[in-house]
Amino acid sequence: MGLKRRLGAGRWAIHVAGLLSFIWLAAAAIQNQLGPDPIKQLALLTGDRGFQFLLFSLAISPLARMVSAPLLIQWRRPAGLWAFYFLCLHLLVFAQGYIGWSWALLVEELIERPYISVGALAWLMLVPLALTSTRLARRKLGRRWGVLHRLVFVVAALGCVHLLWQVRADWINAGLYTLICVLIVGSRYRNASWFLKAN
Amino acid sequence: MTKQFTDPTLCSSDITPESSYLNRRQFMKSAVAGSSALLAAQPLVSKASDFVGVDTFMSAEESGWALQAPDVLTPFTDVSGYNNFYEFGMDKSDPARYASAMTLDPWSIRISSDGGETADIQFEDLLRAMDLQERIYRLRCVEAWSMVIPWNGFPLAELLRWLNPEGSYRFVQFRTRYTRSEMRGTRSFSSVIDWPYQEALRMDEAMNALSFIAVGLYGKSLPAQNGAPLRLVVPWKYGFKSIKSIASIHFTNRQPQTSWQSIAPHEYGFYANVNPEVDHPRWSQRYERRLPSSLFSPNRIPTRIFNGYGEYVADLYKDLDLRQYY
Ligand code: HEM
């Protein structure tokens, strides 16, 4: 019981993980250890890390219910914020290395490459979630906060589409992300857990 | 100017860079050449210079394909460390890690034609018949990155003339070696490529002066991950046309399906000429990152039509709508 009560403090572990992850990335980039095409490598790494934190944040509330540890919910906010942070870096890398900060090219990319427009839409939806992640915003928004933050499921779904649209010769990466998304969202359905228990 | 043809695993500082299989082939040059049906028609003139033909080559300046300003050579470590060779895995570093599993010696190439001819040619025999030269070409990958590479090899036209198939054909088709036990990428259950990898050229493209067969780079025999022992280099087309580790050559009159074309016909055409005006659904083709690039200076440069080789190849396509035949 004591452990479960202290779980809330574990959210700091998420901050440590996010910070270490970023330091590793920055160090590798600065020391030129990402190979001859570091831009592409950084786009992949920041996209992956961002999506991983996002999935982790999604998994927390089913997990909290499963192990009856409501304090775990406190991990959600740092996980979500680190997801947003890495996906902002993802966007910065894209702006710097793929389109060279050109508005004209951005517009062209958004129109011509649906995987980019879907990614951009997902990122845009994360912005209001990050902005309303404070306790104050939560109190002010009341019940609407929960409704708003359900957007995170849409973000995850768009993230999957973003990856599935990138598949060329091998679908394992996009497939795994999508499978994990489906499993996490699926586990939220009480019917499903009831079904599993009944067996 | 001549240079030593040396082993890729040895650096120039090594004292005796003489142990590569290519050099062994040079030694064997004096041995009796095995001949095949297709080879039989070939006048294999043996001159004194033939005996040194393998370990020496005409420099890029002499061959007429020197470095063109403002290009800068991509360092050997990048050329040999950053590869697409899906037979060995999807990651760019996989080929360098795993391609050494491929058996390079002996290497035979199956030659065939619609007319029913078939013959197996040993790479050594082929090499013995060719004069090597160096050419510095830009390589533009469809993924919007590019390199500048000093290749060693011979014109594809020379090879085709030497093979001398009976009759005339409109296309030449190539297949990459496919050995499941040696190529871990081909064992991946999530890959959608139908092995072996296939590519093809129209005969006039193949006979163009630019089309090249590389057996080395940077004056060393080809690293396995770069397509050892021999690969195509067609610098005005996206990199995936430049098929690696060639195991068979087929002469045909029907336009062959290529691997990428059969995976995604609306994304990859038969021609795959570098063209900034024809966009690919995944990458804008207007710019490329010339490698090595870095985060703070990405080295993004505009892509040129036919990768800048228009004056040599544009004529091939004067009757073709390049938007339709991409
Ligand atoms: C801001 C808008 C976005 C843009 C412009 C964008 C663009 C890109 C680009 C250009 C790539 C690399 C493609 C390549 O060169 O191979 C990429 C990969 C990736 N993106 Fe995004 N993206 C955006 C938003 C997102 C979001 C919201 C997510 C996650 C929810 C995400 C997850 C990923 C992942 C995981 C990869 C790596 C895929 C792989 O490993 O193959 N992206 N994105």
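This is a short tour of a predicted model, stop by stop, with a selection to make at each one.

**Before you start.** Residues count from 1 along each chain as its sequence is written, while chains are lettered from A and ligands numbered from 1 in the order in which they are written. Because the model is predicted, local features need pLDDT of at least 70 and side-chain atom pairs count only at pLDDT 80 or more, whereas totals for chains, interfaces and linings use all residues.

**Stop 1: chain A, coloured by confidence.** pLDDT is the predictor's confidence in each residue, from 0 to 100. Chain A has a mean pLDDT of 90, with 92% of its residues at 70 or more. Helices (H or I, at least four residues) and strands (E, at least two) are DSSP runs, numbered from the N terminus. Among the elements of chain A, select helix 6 for the highest mean pLDDT (97) and helix 11 (residues 190-198) for the lowest (54).

**Stop 2: the ligand.** Select the ligand and the residues near it, where near means a C-beta atom, placed from the backbone, within 6 Å. You should find 23 residues, the closest being G47(A), G119(A), A122(A), W123(A) and G159(A). Helix 3 (38-66), helix 4 (76-98), helix 6 (114-131) and helix 9 (151-164) of chain A each give two or more residues to this shell. Helix 3 of chain A supplies the largest share, eight residues. Colour the shell by class and you get 13 nonpolar, eight polar and two charged residues. Here Ala, Val, Leu, Ile, Met, Phe, Trp, Tyr, Cys and Pro count as nonpolar, Asp, Glu, Lys and Arg as charged, and the others, Gly among them, as polar.

**Stop 3: W101(A).** Go to the loop between helix 4 and helix 5 (103-112) of chain A, where W101(A) is found. Its phi is near 60°, a positive value in a residue other than glycine. Is W101(A) buried or exposed? W101(A) counts as exposed because it has 9 C-beta neighbours inside 10 Å; the cut-offs are 20 or more other C-beta atoms within 10 Å for buried, 12 or fewer for exposed, and partly exposed in between, with C-beta atoms placed from the backbone.

**Stop 4: across to chain B.** The contact between the chains takes 22 residues from chain A and 25 residues from chain B, contact meaning C-beta atoms, placed from the backbone, within 7 Å. On the chain B side, these residues divide into twelve nonpolar, seven polar and six charged. Now show chain B alone: it has ten helices and twelve strands, and 44% of its 326 residues are buried.

**Stop 5: the open sheet.** Five strands of chain B line up in the order 2-1-10-5-6, with mixed pairing; strands pair if DSSP finds at least two bridges between them. Strand 2 (118-122) and strand 6 (198-202) of chain B each have a single partner strand, so one side of each is left without a neighbour in the sheet. Zoom in on strand 1 (residues 108-113) of chain B, which pairs with strand 2 of chain B in the antiparallel sense over five bridges. Across this pair, R110(B) stands opposite D120(B), and I109(B) has I121(B) as its bridge partner. Four residues lie between the strands of this hairpin, where G116(B) takes a positive phi near 100°.

**Stop 6: loops of chain B.** Select P106(B), in the loop between helix 5 (94-98) and strand 1 of chain B. The peptide bond from D105(B) to P106(B) is cis, with omega near 10°. Another cis bond runs from A69(B) to P70(B), with omega near 5°. Finish at N164(B), in the loop between helix 7 (156-163) and strand 5 (171-176) of chain B. N164(B) has a positive phi of about 45° although it is not a glycine, and is exposed, with 11 other C-beta atoms within 10 Å.

How values were computed:
Contact = placed C-beta atoms within 7 Å.
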